[in-house]
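Visitor: Could we go through this model together? I should like to begin with the confidence values.

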Amino acid sequence: MSKWGVLAAALAAVVAFVDNLSKVFGTLTQLPLPDWAVVLSQYKMELAAAIMLAAVAFTLNWSTVTTRYGLYRKLWISRRLQIRFISVYPEELALLVCFAIFGVAFFAFEIEKARNLYTSYGFGYIVNTRCDGDFLAAHDRSEALAKNRLWNKYSDVLNNLKDRYEYLSAIGPRRVSVFGRYKDELPTEILQGDSYELRVLFGINIDAGARAREPKGGLSKSWLQSPAPCKSF
Amino acid sequence: MTAYRLLPYAVLLLLVVGMIAAAASLYENRASKDGTFIVRDGELVRKAEIRLLDPLLDIKTRILADYPVSILNRSRDKDIQQVNDLETLRAVYYNLFIQSDWSEIKKLFNAIKANKSLDLKNNNQYVGPIVEMLDSTILAAAYFYERLNMNDAASYYYSLYLDCLRPVSFSSPGSIDRMLGRRLMVSRLKYYYLRDYARYMAPEYARHSYLNWILDDTLYFMSTYYRFKRYWSIVEVDSFTDGDFLDLIQRSDSRALPFLKYERCIALIRQSDWSEDAAKTLNDVCAVAPLATKDDYLASFTSAAHIFFRVRWYLAETEKTGAPDASKFAEIERAMKTFYDRHAKEADFLVDDMKIKYAMLPGNAKERDRTLCDVAKFPYPNYDFAPYAGSLVKEMGIKCD
């Protein structure tokens with residue numbers, strides 16, 4: 001294998017695992033990635049495969065390959081078929097059929113994936129912004145997508161989301177002020193629940209206060225330590 | 001030579017198998033039609049998102065999913081004084097609930113008494129929906145917290161539920177006392193139980209508890225119960241049986257006994273078949289061995305057992321002598337009156353059967369018709385004794401208003 005082949009294999013491996021590596025080091029959520037990066041990261045395996053194929057294509061000596069295969073195909077036992085000006089062995093036809101099946105499966109897979117990513121592109125942005133408590137951004141994107149005819153299928157969902165985000169953005173500050181008002185009166189368990197609720201429903205990270213740092217048991221500890229669930233995927 | 005000829009076929013086989021396996025793997029891992037994101041409870045979320053159990057959050061999410069957000073949006077600046085119909089009350093209540101503004105919620109229900117548009121005193125059509133609203137929010141939260149062993153939170157919400165239900169109860173017409181009474185009694189007891197006894201209870205208590213059985217039944221009938229599937233396995237309760245409960249009492253910490261005995265007493269009064277054996281058991285459990293507790297709330301309801309025993313004894317004596325003893329009847333009458341005076345609405349659901357028995361006592365003709373009609377008219381069919389009273393009314397040809 002040439003040095004270019006080795007380099008290509010290394011590059012493909014890096015591309016394939018870069019997302020996992022960054023997750024391990026916990027950097028992905030902190031990087032200010034544009035939302036289209038979500039889409040691109042979904043194609044890392046294809047990109048890695050393309051790099052590998054390109055490396056193989058450029059490394060191989062194709063005239064040698066053609067000559068060697070010309071000798072090799074004589075080993076097929078069955079009779080050669082002559083279809084117009086092409087001569088082919090039944091074994092080669094079987095191999096072609098398998099390639100065709102794989103090709104069709106691959107294209108179907110990619111089309112489904114592209115369709116899925118198309119919605120993910122819009123929805124991913126909405127979920128991320130909502131998760132960060134930026135309801136106005138989530139509302140605006142929902143509104144823009146609801147008006148886009150390509151998103152007709154989801155217009156009901158998007159319109160409902162628009163109303164929901166408008167409501168939550170208006171009610172969020174009141175909820176925080178109520179939380180502040182009752183902070184010293186409520187039992188620890190309720191404060192911890194409130195803190196979790198503020199994160200999940202309103203995208204607001206708030207310290208439940210010194211009293212809430214002494215969990216009594218039950219689910220309290222995990223409530224305090226768990227990341228916002230909308231971020232974990 | 002043979003091996004040399006077979007080699008290309010081995011390679012061919014390998015390629016064919018590899019291709020088919022790759023195609024199958026692509027098919028297996030194809031993008032789901034539902035996509036990476038789904039709409040769950042009206043909210044757009046990642047399909048892989050997993051949330052921890054948080055009853056209050058789950059109830060709020062349920063409200064946001066089921067109740068039109070546009071109505072919540074329109075009514076978010078409305079205050080208590082602007083409540084003039086049930087729908088406005090619901091919207092204002094849900095807004096306050098989502099904000100967790102408990103003191104405003106208490107004010108909202110206290111203002112219900114004086115609300116002329118709702119007119120709860122003369123109109124019982126709103127009471128059911130209001131109670132259902134409270135059941136599906138505060139009572140459900142309290143019960144779920146309790147079953148998650150978060151007793152401080154549960155106690156807080158039971159107390160809040162009582163504070164909200166009391167004004168509704170005292171301004172509602174008498175015909176729905178039983179529906180409210182059962183809720184008032186259970187939530188009041190739960191509050192005391194969590195405060196004083198929960199820490200001494202065996203873990204299996206929750207499954208065998210009569211109060212949990214009642215609460216589970218109450219919540220099962222609320223229209224949104226199916227929304228809380230995640231809690232179903234946690235809130236599971238066995239049907240109440242005296243044998244299991246007695247076993248539990250024998251295995252329990254002595255500090256938990258007053259409450260357990262009291263709970264058993266209530267269950268027996270409620271489930272008693274009025275046989276002589278049942279009266280004797282009740283007498284043993286509740287009357288003969290008074291509860292060793294200074295808590296008035298525990299001791300007071302057991303007076304129902306005393307009445308029960310007296311009624312049974314009075315009947316037996318009347319059968320023996322063939323003539324009712326007026327002085328004994330007067331004692332029973334006084335005991336009944338004291339009991340109702342003390343417990344008012346909370347008592348009603350517990351003693352429907354006692355009421356019927358009381359009505360049918362020899363020497364009680366003047367009260368008989370009114371009491372039977374009162375029980376038979378009760379509009380909620382899931383109570384055991386209304387059909388029985390109805391059949392007695394028919395059988396005896398009594399004319400009810």
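Visitor: Which elements of chain B have the lowest and the highest mean pLDDT?

Guide: This is a predicted model. Among the elements of chain B, helix α15 (residues 296-301) has the lowest mean pLDDT, 53, and helix α4 (residues 86-98) has the highest, 93.

Visitor: Where in chain B is the pLDDT below 50?

Guide: One such stretch covers residues 289-294 of chain B, and beyond near neighbours in sequence it has eleven contacts in the model. Another covers residues 379-384 of chain B, with seven contacts beyond near neighbours in sequence.

Visitor: And what is the mean pLDDT of chain B?

Guide: The mean pLDDT of chain B is 78, and 75% of its residues reach 70 or more. For the complex, the predictor gives an ipTM of 0.71 and a pTM of 0.70.

Visitor: How many residues does each chain bring to the contact?

Guide: Chain A contributes 52 residues and chain B contributes 47 residues. On the side of chain A that touches chain B, α5 (90-131), α7 (155-182), α8 (188-202) and α9 (220-225) of chain A each supply at least two residues. Of these, α5(A) gives the most, with 18 residues.

Visitor: What is the make-up of that side by class?

Guide: The side of chain A that touches chain B has 32 nonpolar, nine polar and eleven charged residues.

Visitor: Now the folds. How many helices and strands are there in chain A, and how many in chain B?

Guide: Chain A has nine helices and two strands, in the order α-α-α-α-β-β-α-α-α-α-α along the sequence. Chain B has 20 helices and two strands.

Visitor: What share of each chain is buried?

Guide: In chain A, 23% of the 233 residues count as buried. In chain B, buried residues make up 36% of the 401 residues.

Visitor: What about contacts between residues 24 or more positions apart?

Guide: Taking contacts with a separation of 6 or more, residues 24 or more positions apart account for 59% in chain A and for 63% in chain B.

Visitor: Which residues have the most contacts inside the largest nonpolar core?

Guide: That core has 100 residues, and those with the most contacts inside it are B:I138, B:A141, B:A142, B:Y157 and B:Y161. Helix α6 (residues 127-147) of chain B gives the most to this core, with twelve residues. Leaving aside residues up to four places away in sequence, B:Y157 touches B:I138, B:A141, B:A142 and B:Y145. Another core, of five residues, lies apart from the largest one; A:A12, A:A48, A:I51 and A:A55 are among its members.

Visitor: Turning to α13(B): is this helix largely enclosed or largely open?

Guide: Helix α13(B) is largely enclosed by the rest of the structure, because eleven of its 15 residues are buried. The buried residues include B:F259, B:Y262, B:C265 and B:L268, and charged side chains such as B:K261, B:E263 and B:R264 also count as buried.

Visitor: How does its span compare with the expected one?

Guide: At 1.5 Å a residue, the 15 residues of α13(B), residues 257-271, should span 21 Å. Its end C-alpha atoms are 21 Å apart, which agrees.

Visitor: How do the two strands of chain B run?

Guide: Strand β1(B), residues 37-40, and β2(B) run antiparallel and are joined by four bridges. B:R40 stands opposite B:E43 in β2(B). The hairpin has two residues between the strands, and B:D41 takes a positive phi near 50 degrees there.

Visitor: Which way do the residues of β2(B) point?

Guide: B:E43 and B:V45 point one way from β2(B), residues 43-46, while B:L44 and B:R46 point the other way. All of them are buried. In a regular strand, side chains alternate between the two faces of the sheet.

Visitor: One last residue: is B:S223 buried or exposed?

Guide: B:S223 is exposed, because 10 other C-beta atoms lie within 10 Å, and a residue with 12 or fewer counts as exposed. B:S223 sits in the loop between α10 (210-220) and α11 (229-232) of chain B. Its C-alpha atom is separated by 8.3 Å from that of B:E132, 91 residues apart along the chain.

Methods. Residues numbered from 1 in each chain as written. Chains lettered and ligands numbered in written order. Predicted model: local features only at pLDDT ≥ 70, side-chain atom pairs only at ≥ 80, totals over all residues. Contact = placed C-beta atoms within 7 Å. Buried ≥ 20, exposed ≤ 12 C-beta atoms within 10 Å, placed from the backbone. Expected span 1.5 Å × (residues − 1). Core = buried A, V, L, I, M, F, W, Y, C linked by C-beta atoms within 7 Å. pLDDT = per-residue confidence, 0-100. Pairing = 2+ DSSP bridges.
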